[in-house]
Amino acid sequence: MNMKPIRVLLLEYNDDDVFLIKEFLSESDIPVILDCADYLKKGLVVLSQEKIDVILLDLRLPDSQGLETFDLVFSKAPQIPVIVLTGHEDQELGTESIARGAQDFIIKGKITSHLLSRSIQYAMERKRIEQELKQTVEELKEANHKILEHQKSVIEEERLKVLLQISGTTAHELSQPLTTLLGNIELIKLRKDDPVKSAH
């Protein structure tokens, strides 16, 4: 079964690291199309023009350093899984980048073809699940909103029924003394020639 190639964007300034990652990807068991950018600015242009599946991101680029680099990339393409590349001294940055939304981080000195391949596949799968969960949450929110609106409508309908029942009862209660009064007026008219009976 032929697997569709994964489009990877590598943001890395160090030529040696770029060469090694290219080698590792060529040896991996997944087909990859690799785009490279040595500056964050160039990488953001690629992101705006190409359909990228995964981003491999070095946090130390000439035009951007540290977690700000991750934040800028993530804000431009939150739907694309990001794997952060760090040095031994930057492991804390790698951990922090995961807390901010990265799918994984890899220490450059420990990269192997198998590790890189597995990290890319896992990052894509986790991102897919994350997007599905997000969509499910949005659908549940929408369904909940509709239920609440329906409940409000039902409550309002019941309230109007009660008001109509109350107003109907009041009208009925008012109509009894009015009917009696009108009857008495008619009696007075009939007996107007007899002062004693009219007075009574």
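Asp, Glu, Lys and Arg count as charged, Ala, Val, Leu, Ile, Met, Phe, Trp, Tyr, Cys and Pro as nonpolar, and the others, Gly among them, as polar. The structure is a predicted model, in which local features need pLDDT of at least 70 and side-chain atom pairs count only at pLDDT 80 or more, while totals for chains, interfaces and linings use all residues. Residues are numbered from 1 along each chain as its sequence is written, and side-chain values use heavy atoms, with hydrogens and water left out.

**Lining of the largest pocket**

| Class | Residues in the lining |
|---|---|
| nonpolar | 5 residues |
| polar | 2 residues |
| charged | 6 residues |

Helix 5 (residues 113-190) gives the most to this lining, with 4 residues. Helices are DSSP runs of H or I with at least four residues, numbered from the N terminus.

**Helix 1 and a residue of helix 5**

Helix 1 covers residues 15-27, 13 residues in total. Its buried residues (under 20% relative accessible area, 1.4 Å probe, protein chains only) are D17, V18, I21, F24 and L25. Seen down the helix axis, these buried residues fall within an arc of 130°, taken from the directions from the axis to the C-beta atoms, so they line one face of helix 1. The face turned away from the buried side carries D15, D16, F19, S26 and E27, which are exposed (over 50%).

At the start of helix 1, a side-chain oxygen of N14 comes to within 2.9 Å of the backbone nitrogen of D16.

L116 lies in helix 5 and is buried, with a relative accessible area of 0%. L116 and L25 are 91 residues apart in sequence, yet their C-alpha atoms are 7.4 Å apart in space.

Methods. Helices (H or I, at least four residues) and strands (E, at least two) are DSSP runs, numbered from the N terminus. The expected span of a helix is 1.5 Å times one less than its number of residues. A polar contact is a pair of N or O atoms within 3.5 Å; within protein, one must be able to donate a hydrogen and the other to accept it, and residues adjacent in sequence count only if both atoms are side-chain atoms.
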